[in-house]
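Hello,

Here is the structure for you to look at. My notes follow below it.

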Amino acid sequence: MKIIIIGNNVAGTFSAQNIRNLNDGVDIEIFTEEKYPYYTRIKLPEFISDKVSIDDFIVFKENWYHTNKISLHLEEKVVKILPKEKKIYTDKSPGPLSYDKLIIATGSNPNIPPIENAPEMEHKGLFTLRNIKDALEIKEYIAKLNIKSKAVIIGGGLLGLELANQINQLDLDTTVVEFFPRLLPKQLDDECSLMLKEEIKGRGINVVLSAATEAILGNNHVEGIKLKDGRVFNADIVLIQAGISPEITLAKNAGIETNRGIIVNEFLETSEKDVYAVGDCIEYKNQTWGIIPACMEQSKIISASVLEKKTKKYAGTTPKNTLKIVGLDLTSIGIFDPSSEQGGGWDILRKADKKDCCYEKIVLKDNKLKGAILFGDNTAMQYVTNKMEQDVDPKELRKLLDIHEYACVNCGAVYDEAKMEVPFEDLPDTFKCPNPDCRATKKDFKLKI
Ligand SMILES: Cc1cc2nc3c(=O)[nH]c(=O)nc-3n(C[C@H](O)[C@H](O)[C@H](O)COP(=O)(O)OP(=O)(O)OC[C@H]3O[C@@H](n4cnc5c(N)ncnc54)[C@H](O)[C@@H]3O)c2cc1C
């Protein structure tokens, strides 16, 4: 059996690896338009700031492919799929190539919002970051700038902030411009987002929220951006990190069912027989992902499916995101804001320690762990990751998160840290019992749970 895989990043590579682990005999060929064997995109911002070299983040060198009997075709783009004939064309092969099973792992591309003058300014100071080629271009452009030149990053999501942090460390005056009124709008609630904003600003990065970019300024090269409210920010380089879109062109042109992504079923089969899809490019039950854990999970399912061992069904992946900025521990997992969810039974355990910049929020539904934000203290990370979607004991959680209730010995009034702005220990000695009829002060409160 011959399996062809289009795309050689997490999804394509791990699908190949899992297939090989299950079957030593099948032929596996991978095509990628990129120049490098499988590397992790996580390190690209650090590559821009010269903290790592390309060699440091190539995960599987070419000998890995030889050992696993996988033929890798670098810099060879697949240009057409003929699913009925079970053939593909590449930009290098003189004729069609046949397959028995085809896996589409074409990933995603950065979005460029409809901003005036953006298409004209691309590569003239305006860049997105997705691959090593983009990173090399950005590095080269920055090398020509003076120290203290200005950089604007459009997008205050994870990638935007990670990139801003590295750019800032290159001594560029760095500003992050975010459309929504808070940073990490898809991962954080207002309260934690505000704390994060202060931390980011403390690192010398300017943050502008509720800012819709109207135009990129400049003729031959980028000179700045103009917001819809009329404000102008000068910039020598503008980097857009405003989300991603699944790469579906090949599939769509082949008549495979697509929407936002390539539509797959629970076995990661597409609408065409013997054609599968995996990774950032897929859409399953109206959802797309764009994170490595989803690719890894899907690559296990797809390997069984293509080998006709449909033992496992895909049921989606819980979103888990960690901000990778040294000294800032921040992870958001699952549901973090039940106010936008349906039904009752929701409960929140939350502790905000603004003095020490710590925020822990656990979301439960009928005592089942549904999500969390952990900022500044990741002691509970392992527990949360292991217990997602499982029943938990709120008392045990309180202990783990160091969230307590204190009761007034006079009147029984309760100070529940999970509901208050300030941890009990940080209250001044002059703190008065919230019961207006009680004269007790902080010393009259005793630990309850
Ligand atoms: C800077 C950065 C940091 C990130 N950090 C994190 C992180 O910390 N945690 C996390 O979970 N996720 C992170 N991500 C997202 C993560 O990298 C993606 O989810 C993951 O790379 C998706 O893998 P994939 O294999 O589905 O697709 P991709 O990585 O997009 O790879 C698809 C590959 O297919 C190739 N291709 C496409 N069309 C063709 C064609 N026609 N012919 C041949 N080849 C083709 C592309 O060139 C590409 O190499 C980050 C992404 C970026 C850009």
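The shell around the ligand holds 16 nonpolar, ten polar and eight charged residues. (Ala, Val, Leu, Ile, Met, Phe, Trp, Tyr, Cys and Pro count as nonpolar, Asp, Glu, Lys and Arg as charged, and the others, Gly among them, as polar.) A residue is near the ligand if its C-beta atom, placed from the backbone, lies within 6 Å of it. Of the 34 residues there, Gly7, Asn9, Ala11, Gly107 and Gly279 come nearest.

This is a predicted model: local features need pLDDT of at least 70, side-chain atom pairs count only at pLDDT 80 or more, and totals for chains, interfaces and linings use all residues. Residues are numbered from 1 along each chain as its sequence is written.

Where does the ligand lie? Domain 1 (2-43 + 54-109 + 245-306) and domain 2 (118-242) both give residues to its shell, so the ligand lies between them. Domain bounds come from an automatic or database domain assignment. The chain also has domain 3 (327-401) and domain 4 (405-447). The centres of domain 1 and domain 4, taken over C-alpha atoms, are 59 Å apart.

Now the sheet. Five strands form an open sheet in the order β3-β2-β1-β7-β19, with parallel pairing. β3 (70-73) and β19 (275-277) stand at the edges with a single partner strand each, so one side of each has no neighbour in the sheet. Strands are DSSP runs (E, at least two residues), numbered from the N terminus. Two strands pair if DSSP finds at least two bridges between them. β7 (residues 101-104) and β19 pair over three bridges. Leucine 102 has valine 275 in β19 as its bridge partner.

Best wishes

Definitions and conventions:
Helices (H or I, at least four residues) and strands (E, at least two) are DSSP runs, numbered from the N terminus.
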